[in-house]
Every structure is written in C-alpha cells, then in structure tokens.
Amino acid sequence: MPVILIVLFITSAIPVSLAVLNACLRYKEFGEFDNNHPRIQQLQQKGIGARVLAAQNNSWETLQVFLLVTFIAFASQINLHSLTIVSLVFLFSRIAHAICYITNYCWARSAFYGLGMGCCMYIFYLSVVNY
C-alpha cells in the first residue's frame with residue numbers, strides 16, 4: 001500500500017484525537033458537558049481548551065485539502081509510491097502544527113501550516129505534470 005494512503009488515514013485521525021483531548025479539557029474547565037449546546041460551550045473555552053479546539057478545526061480544514069490532492073494524484077495515475085517523502089513531510093507538519101497550536105507557538109505553527117500546504121501544492125503540481 002502506498003505510504004500516502006497510510007498518511008491520509010493517520011491525518012484523518014488527528015482531528016478526532018484533538019476532539020477527544022478537547023472533550024477532556026472541556027470537562028475539566030466546566031465540570032460537565034453541555035450536550036444540549038456543545039458548540040456554545042466550546043466557544044466559551046479559554047486557554048489551552050480554546051487552542052485545542054482551533055487546532056482541531058484547522059485539522060479538519062487541512063484534511064480536506066490533503067484528501068483532494070491525494071485523489072487528484074490517484075486520478076492522474078502518478079506512481080503514488082513516488083509521493084512517500086512529501087506525504088511524510090505533510091504528516092510531520094500536521095502533527096507539529098497541532099503541537100505548536102496547543103502550546104501557543106504562533107510563528108512555528110504558521111510555518112508548519114505553510115509547509116503542509118506547500119506539500120499539498122507540490123503533490124498537485126506533480127499530478128498535473130504527470131498527467
């Protein structure tokens with residue numbers, strides 16, 4: 001199986017993992033879960049809870065881009081094994097981005113976001129030139 005598909009699976013687990021972490025932090029901050037209005041409760045989070053929620057939202061957004069370029073690469077019939085390094089760099093950038101978001105390292109977070117988007121653009125570029 002091409003590594004890019006494994007990276008796609010792992011990348012899809014990042015926002016889910018952050019959701020679990022956010023739920024723990026929400027319970028710690030408020031002492032309960034507001035299942036009637038969970039979004040409102042999430043918006044009231046402060047500090048690390050708010051940063052985890054933001055990292056989770058960003059992870060969902062970036063997952064869509066990576067899913068799309070992976071599909072484009074597949075559809076262009078590029079050798080998916082040739083995308084191993086760039087997909088691993090993307091995975092690293094997404095994990096590092098989440099860590100930087102949670103720990104409030106804004107400049108590093110932005111750099112890792114740019115690196116991840118650069119990887120997506122590179123996969124798209126290779127797919128177009130290959131087609």
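**Exercise 1. Locate Asn104, then describe its backbone and its exposure.**

Solution. Start with the place: Asn104 sits in the loop between α4 and α5. This is a predicted model, and the values below are computed from it. Next, look at the backbone. Asn104 has a positive phi near 65 degrees, though the residue is something other than glycine. It is also the residue named as following α4. Last comes the exposure: with 49% relative accessibility, Asn104 counts as partly exposed, because that class lies between the 20% and 50% limits.

**Exercise 2. Find the place of Gln77, and decide whether it is buried or exposed.**

Solution. Gln77 belongs to the loop between α3 and α4. Its phi is positive, about 65 degrees, and Gln77 is not a glycine. Its relative accessible area is 70%. The limit for exposed is over 50%, so Gln77 is exposed.

**Exercise 3. Give the overall make-up of the protein: its elements, their order and its spans.**

Solution. Begin by counting elements: there are 5 helices and 0 strands. Read from the N terminus, the order is α-α-α-α-α. Now take the spans of the C-alpha trace, which are about 55 × 30 × 20 Å along the principal axes. For burial, 38% of the 131 residues count as buried. The accessible surface comes to about 7,800 Å², and carbon and sulfur atoms hold 68% of it. Turning to contacts with a separation of 6 or more, 70% of them join residues 24 or more positions apart. To finish, consider charge: 7 side chains are positive and 4 are negative, and the centres of the two sets lie 9 Å apart.

**Exercise 4. Check the span of helix α4 against the value expected at 1.5 Å a residue.**

Solution. Helix α4 covers residues 84-102, which is 19 residues. The expected span is 1.5 Å times one less than the number of residues, so α4 should span 27 Å. Its end C-alpha atoms are 27 Å apart, which agrees.

Now ask what the helix packs against. Its buried residues include Val86, Phe90, Leu91, His97, Cys100 and Tyr101. The buried residues of α4 pack against α1 (3-30), α3 (47-75) and α5 (106-130).

**Exercise 5. Repeat the check for α1 and name the helices that its buried residues pack against.**

Solution. With 28 residues, α1 reaches 41 Å from its first C-alpha to its last, close to the 40 Å expected. Among its buried residues are Ile4, Val7, Leu8, Pro15, Asn22 and Arg26. The packing partners of the buried residues in α1 are α2 (38-43), α3, α4 and α5. After α1 comes Gly31, with a positive phi near 80 degrees.

**Exercise 6. Which residues is Val86 in contact with, beyond its neighbours within four places in sequence?**

Solution. First, place the residue: Val86 is in helix α4. Val86 is buried, because its relative accessible area of 11% is under 20%. Setting aside neighbours within four places, its contacts are Cys119, Tyr122 and Ile123. As a distance to compare with your own calculation, Val86 and Ile48 are 38 residues apart in sequence and 30 Å apart in space, C-alpha to C-alpha.

**Exercise 7. Place Ser127 and list its contacts beyond four places in sequence.**

Solution. Ser127 lies in helix α5. Its relative accessible area is 1%, so Ser127 is buried. Outside the neighbours within four places, Ser127 is in contact with Ile72, Ala73, Ser76 and Ile78.

**Exercise 8. Why does neither Cys100 nor Cys120 form a disulfide?**

Solution. Recall the chemistry before the distances: a disulfide is a covalent bond between the sulfur atoms of two cysteines. The cut-off for the pair of sulfur atoms is 2.5 Å. Take Cys100: the closest cysteine sulfur is in Cys106, 9.7 Å away, which is too far for a bond. Then take Cys120: its closest cysteine sulfur is in Cys119 at 6.9 Å, also too far for a bond. Over the protein, the count comes to 0 disulfides.

Burial adds to the picture. Cys100 is buried, with a relative accessible area of 9%. Cys120 counts as buried too, at 1% relative accessibility.

Key: Residues numbered from 1 in each chain as written. Heavy atoms only, no water. Helix = DSSP H or I, 4+ residues; strand = E, 2+ residues; numbered from the N terminus. Buried < 20%, exposed > 50% of the residue type's maximum accessible area, 1.4 Å probe, protein only. Contact = heavy atoms within 4.5 Å. Areas by Shrake-Rupley, 256 points an atom, 1.4 Å probe, with all protein chains shown as cover. Lys, Arg positive; Asp, Glu negative; His and termini not counted. Charge placed at Lys NZ, Arg CZ, Asp CG, Glu CD.
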